[in-house]
Amino acid sequence: MHIRKTRRRALLIGAIITALGLGAFPVVKYGNVFPDTGEPMSFGRPLAGPQPPFRTADTLADGTRIGVTTLHGKKSGFTGKVWAWAPKEYYEERYRHSAFPVLIALPGGRGYPTNYWTRTDLKLPSTLTDLTALGRSKPFIVVMPVLNPDRHHYYDGSDIPGQPKMGSWLSDDVADLARAAFRTFPGRDGWAFMGSSSGGFAGLKQVLQHPDRFRAVIASGPDTRPDSPCGAATRRRSGRTTPSASPPASPAAPTPRPSTSSSR
């Protein structure tokens, strides 16, 4: 029963792993949820150089923590919140010099001032933990930035003249933050986007515009299932009380294939 529940709630995450091949991604040798007023924390990156200041936003059942920081984007000029999470394997002694893949998760709607993938009821980090325990995934890092600069505008994840450069925010500033905070892959094979609704569109644009930096994307439509927290929010915004249709289930993941990532 536990496995069936885990699989049901992991439909989107399973599709992500299918597209990325993360089921076979090796860990490579490398040399209130929303406030940022929690205890200072570090993701323990044992490499030279300053680390961005994170504070604890939430603690999961397995003891891992979601951190949050305010990022002043050098490329975009935009200042906004970014949340991040690393799996328990990231902190284990056997992986202390190893790199992990990074998944940048984008929310739907305006995606400001929060990113709803940080919510524990949506179970993104805990689902990834469960899939790793089931042998369906290798562990990887999740980075969850805000998508837009305010509550009223949606900029398509683009650099629009005269507006905050939200394209550069995602492709450069958020990615650079992840590299500074974590032990990450040096090449595109260790980087991908996922997103729901408007976040899916922005993530797709990033991968199409920067195929040399990001390997894959899972772009999902809004979830309108009656039992979905995301679907309930969507229906409230649209004035509907019941969904018009349920989305099809994601296909089962194929047999994993080896990654082509190299060691450094």
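**View 1. The hairpin of strands E4 and E5 in the predicted model.** Six residues lie between E4 and E5 in this hairpin. Within the turn, Gly-77 has a positive phi of about 80 degrees. The two strands, E4 and E5 (residues 79–85), run antiparallel and are joined by seven bridges. At one position along the pair, Leu-71 of the hairpin stands opposite Gly-80 in E5.

**View 2. The hairpin of strands E3 and E4.** E3 (residues 54–59) and E4 (residues 65–72) are antiparallel, with four bridges joining them. Thr-56 has Gly-67 of E4 as its bridge partner. Five residues separate the strands of this hairpin, and Gly-63 takes a positive phi near 90 degrees.

**View 3. Surroundings of Thr-64 in the loop between E3 and E4.** Is Thr-64 buried or exposed? Its relative accessible area is 4%, under the 20% limit, so Thr-64 counts as buried. The side chain of Thr-64 makes a polar contact of 2.9 Å with the side chain of Trp-85. Beyond four places in sequence, Thr-64 touches Asp-58 and Thr-59, and also Trp-85, Ala-86, Pro-87 and Lys-88.

**View 4. The largest nonpolar core.** This core holds 54 residues. Those with the most contacts inside it are Trp-117, Ile-141, Val-143, Met-144, Trp-169, Phe-182 and Phe-193. Helix H4 (residues 166–181) gives the most to the core, namely eight residues. In soluble globular proteins, nonpolar side chains tend to be buried together.

**View 5. Contacts of Phe-193.** With neighbours within four places in sequence left aside, Phe-193 is in contact with Leu-103, Ile-104, Leu-106 and Leu-170, among others. Further contacts of Phe-193 include Gly-203, Gln-206, Val-207 and Phe-214. Ala-216, Val-217 and Ile-218 are also in contact with Phe-193.

**View 6. Helix H4.** The 16 residues of H4 reach 21 Å from the first C-alpha to the last. That span is close to the 22 Å expected at 1.5 Å a residue. Why is H4 described as largely enclosed by the rest of the structure? Because 13 of its 16 residues are buried.

**View 7. The protein as a whole, for orientation.** The secondary structure comes to six helices and ten strands. Of the 264 residues, 50% count as buried. The accessible surface is about 12500 Å², and 54% of that surface belongs to carbon and sulfur atoms.

Terms used:
Residues numbered from 1 in each chain as written. Predicted model: local features only at pLDDT ≥ 70, side-chain atom pairs only at ≥ 80, totals over all residues. Heavy atoms only, no water. Pairing = 2+ DSSP bridges. Buried < 20%, exposed > 50% of the residue type's maximum accessible area, 1.4 Å probe, protein only. Polar contact = N/O pair within 3.5 Å; in protein donor to acceptor, adjacent residues only side chain to side chain. Contact = heavy atoms within 4.5 Å. Core = buried A, V, L, I, M, F, W, Y, C linked by side-chain atoms within 4.5 Å. Expected span 1.5 Å × (residues − 1). Areas by Shrake-Rupley, 256 points an atom, 1.4 Å probe, with all protein chains shown as cover.
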